[in-house]
Amino acid sequence: MNYRTMFARTILCAALLLPGAAMAWEPSQQIELIVPAGAGGGGDQMARALEAAIEAEMPTLKFEVVNKKGGSGAEGYMYVMGKKGDAHTLVITLASVFTLPVVMGTPFKWSDFTPISRMALDEFVLWVNADMPYKAPKEYLAAVKAAGGSMKMAGTGSGQEDQLVTIMLEQAAGAKLTYVPLGGGGDVAKALAAKECDSTVNNPSEAVKLWKEGKVRPLGVARAKRMTVEGWTGIPTLKEQGVDVQYQMVRGVFGPPDMPADAAKYYSDLLHKIFKSKSFSDYLKKSALTPDWLAGAELGKWMETQDALHTKLLISAGLKQQ
């Protein structure tokens, strides 16, 4: 090693030891992972799957999952809005980040938050109680139309994804349902099993247990092609049965407004590692989620498009806050 190389390495080592020298950012305390929905729903399940996968990969990194379901999830988003600039708070991001500002006039929009990653797209299945006679969506929707608005669709809060899919079904069938907002996907599934409502559009992960127990029946999935996940391929799409309703929901992670860029990059890198892990892959398969990683500028562009689509649909249904 010549003199110049030795000198350069000495200077580099000294610089790294100086106070204030640039170091890669890492969390310095427990991280709050906010779920803007109730326990047992798809967002809650994803949060707990992430928590388990991260702590398995990095035992020293601690997460606390916190459910804040008030105001159809607005409580959770508002809590994160109040953490402006914080580097130790994340939020599970659902389509409610698009719908709540339109329907409820909440003082935030998706672009107020710091995009970290989109990790999956979730499906919506039209479910009825297994004791009901309906075997196909057209058959059920004909009964809905004949009932003149008295039949009930339970969903996860006002202005959330479930209500969007309900609106799509109403528009496709020329029918009217009474939408009943509940606290979360778990509550919705239980309500259908208990015959407290006539149908739901629960995500697969929220209703699979009751389906296996023979308590609920799937009539169709709201996507262009059938699901490819083992155990779900036999459910026909709504479209192939003559009801052209298609909708997939974002399952992502965002940070508070103005999260430091180095912290946002840290979480994006961490979540990409978790996305590729076996434990998270197993969770996606078990929950019948479509793995779909997106981050950076591409995620921002996709969110803009989704925001416009959700706003247009809600306005057409007369649900925009006046």
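Two helices count as roughly perpendicular when the angle between their axes is 65 to 115 degrees. Keep that range in mind for α2 and α9, whose axes cross at roughly 95°. What you're looking at is a predicted model of a 322-residue protein, with 52% of its residues counted as buried. The secondary structure adds up to 11 helices and 11 strands.

**Overall picture**

- Laid out along the principal axes, the C-alpha atoms fill a box of roughly 90 × 45 × 30 Å.
- Take the contacts between residues at least 6 apart in sequence: 78% of them join residues at least 24 apart.

**The nonpolar cores**

- The largest nonpolar core has 83 residues, and L50, L90, I92, Y140, L169 and Y267 have the most contacts inside it.
- Helix α9 (residues 261-275) gives the most to this core, chipping in 8 residues.
- There's also a second, separate core of 18 residues, with A191, A207, V216 and V221 among them.
- L90 is a good residue to click on: leaving out residues up to four places away in sequence, its contacts include I31, L33, F63, I116, V253, M259 and Y267.
- L90 also touches E32 and G255.

**Where α2 meets α9**

- General background first: a pair of packed helices is described by the angle between their axes and the distance between the axes.
- Here, the axes of α2 (residues 42-57) and α9 come within 10 Å.
- Their crossing angle of roughly 95° sits in the 65 to 115 range, so α2 and α9 are roughly perpendicular to each other.
- On the α2 side, the residues at the meeting point are L50, A53, I54 and E57.
- Their counterparts in α9 are L270, L271, K273 and I274.
- L50 turns up in two places, since the residues with the most contacts inside the largest core include L50 as well.

**Helix α3 and its buried face**

- In α3 (residues 74-81), the buried residues are A74, G76, Y77 and V80.
- Looking down the axis of α3, you'd see these buried residues fall within an arc of 165°, so they line one face of the helix.
- In general, an α-helix has 3.6 residues a turn, so residues three or four places apart point the same way.
- What do the buried residues of α3 pack against? They pack against strands β1 (31-35), β3 (89-93) and β10 (249-255), plus helix α4 (96-103).

**Strand β5 and its partner**

- All of β5 (residues 125-129) is tucked away: 5 of the 5 residues are buried, so the strand is largely enclosed by the rest of the structure.
- β5 is joined to β9 (residues 216-221) by 5 bridges, and the two strands run antiparallel.
- One pair to look up is N129, whose bridge partner in β9 is V216.
- V216 also belongs to the second core.

**Loop residues worth a look**

- S72, in the loop between β2 (63-67) and α3, has a positive phi of about 60° although it isn't a glycine.
- K195 is another non-glycine with a positive phi, about 65°, and its loop runs between α7 (185-193) and β8 (199-200).
- Is S72 buried or exposed? S72 is buried, with a relative accessible area of 16%.
- K195, by contrast, counts as exposed at 52% relative accessibility.
- S111 sits in the loop between α4 and β4 (114-122) and counts as partly exposed, at 40% relative accessibility.
- S111 and F98 are 13 residues apart along the chain, and their C-alpha atoms are separated by 9.7 Å.

Technical notes:
Residues are numbered from 1 along each chain as its sequence is written. This is a predicted model: local features need pLDDT of at least 70, side-chain atom pairs count only at pLDDT 80 or more; totals for chains, interfaces and linings use all residues. Side-chain values use heavy atoms; hydrogens and water are left out. Buried means under 20% relative accessible area, exposed over 50%, partly exposed in between (1.4 Å probe, protein chains only). Helices (H or I, at least four residues) and strands (E, at least two) are DSSP runs, numbered from the N terminus. The arc is that of the directions from the helix axis to the C-beta atoms. Contact means heavy atoms within 4.5 Å. A nonpolar core is a set of buried Ala, Val, Leu, Ile, Met, Phe, Trp, Tyr and Cys residues joined through side-chain atoms within 4.5 Å. Two strands pair if DSSP finds at least two bridges between them. Axes are lines fitted to C-alpha atoms, for helices over the stretch in contact, and angles run from 0 to 180 degrees between N-to-C directions. Angles under 35 degrees count as roughly parallel, over 145 as roughly antiparallel, 65 to 115 as roughly perpendicular and the rest as oblique.
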